[in-house]
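Visitor: I am new to this structure and would like a close look at a single part of it, the largest pocket. Please set it in its surroundings as you go.

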Amino acid sequence: MKLIIVKDQTQGGKQAFEILQREIEAGAKTLGLATGSTPLELYREMRDSHIDFSALVSVNLDEYVGLSPDDEQSYARFMKEHLFEAKPFHKTYLPNGKADDLVQETERYEQIIADNPIDLQILGIGRNGHIGFNEPGTAFDSTTHVVNLSPSTIEANSRFFEKPEDVPTQAISMGIASIMKSKKIILMAYGSQKADAVAQMVKGPVTEALPASILQNHPDVTLILDEAAAGKL
Ligand code: GLP
């Protein structure tokens with residue numbers, strides 16, 4: 001794992017953007033994108049850039065079950081607001097959280113990933129070490145699947161909702177194996193609340209109890225951390 005320590009999230013966004021720009025110049029066609037507060041500065045850099053994304057494809061990590069793309073809290077809406085409205089892509093994919101048949105939807109989504117191999121995957125990390133919505137205990141060979149969100153994830157994500165009861169309890173997420181197929185991965189983490197998960201990801205055993213620890217087995221991972229998130233390394 002390559003480690004870049006930055007002063008703050010703004011600098012982290014700039015570093016991630018530089019790598020992304022280089023990869024696009026080198027021919028990257030498909031970006032794997034994440035939601036949450038972590039990639040916001042990267043998306044700001046992308047919006048403010050002169051890069052034309054209209055020939056690129058994006059594939060997002062996850063979506064809440066039960067929310068339509070227009071729902072204010074949906075990840076589809078998040079991506080539209082923070083990136084796609086300003087920078088249209090050739091094609092943007094997110095799981096359909098309103099699909100009637102969720103299992104069929106996971107299969108459809110996994111096929112999308114197979115048809116659009118991800119050149120560069122952007123990741124954040126949950127406080128419990130989750131990536132995408134792959135909670136502790138998720139099998140390393142998992143593909144896109146329906147997830148029951150853990151109480152700690154529901155609690156952490158409730159800050160985006162009016163009340164905790166409004167947070168969906170399920171999501172559709174790329175699996176660990178889907179994420180590991182990406183050619184290159186950038187994982188960003190900011191703040192002391194991420195320090196334990198980051199330390200276990202980097203120094204701990206590779207274990208399904210800490211999903212992000214699998215990244216130790218990936219050949220091309222760059223971690224962009226602020227000092228607080230790197231505090232326990
Ligand atoms: C969410 C998302 C993840 C994200 C994580 C951290 O549950 N599904 O993709 O990395 O939480 O969120 P944040 O960046 O807001 O700390």
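**The largest pocket and its surroundings**

Guide: Of the 233 residues of the protein chain, 56% count as buried, where buried means under 20% relative accessible area, exposed over 50%, and partly exposed in between, with a 1.4 Å probe and protein chains only. This is a predicted model, in which local features need pLDDT of at least 70 and side-chain atom pairs count only at pLDDT 80 or more, while totals for chains, interfaces and linings use all residues. Residues are numbered from 1 along each chain as its sequence is written, and side-chain values use heavy atoms, with hydrogens and water left out.

The protein chain has seven helices and 10 strands; these are DSSP runs numbered from the N terminus, helices being H or I of at least four residues and strands E of at least two.

Now the pocket. The largest pocket holds about 670 Å³ of space. A pocket here is an open set of points on a 1 Å grid over the protein atoms alone, where a 1.4 Å probe fits, with protein on both sides within 12 Å along at least five of seven lines; lining residues have an atom within 4 Å of a point. Its volume is the space filled by probe spheres set on the points, which are joined across faces, edges and corners.

The lining of the largest pocket consists of 35 residues, and Thr35, Gly36, Ser37, Asn157 and Arg159 lie nearest the centre. Strand E4 (62–64), helix H3 (75–84) and helix H5 (151–157) are the elements that give two or more residues to this lining. H5 gives the most, with five residues. By type, the lining has 13 nonpolar, 16 polar and six charged residues; Ala, Val, Leu, Ile, Met, Phe, Trp, Tyr, Cys and Pro count as nonpolar, Asp, Glu, Lys and Arg as charged, and the others, Gly among them, as polar.

H3 deserves a further look. Its residues Tyr75, Ala76, Phe78, Met79, Leu83 and Phe84 are buried. These residues lie on the same side of H3, because they cover an arc of only 155° around the axis, the arc being that of the directions from the helix axis to the C-beta atoms. Among the elements that cover the buried residues of H3 are strand E2 (30–33), helix H2 (40–48), E4 and H5.

H3 also takes part in the second largest pocket, where it provides the largest share of the lining, four residues. About 190 Å³ of space lies in that second pocket.

Technical notes: Contact = heavy atoms within 4.5 Å.
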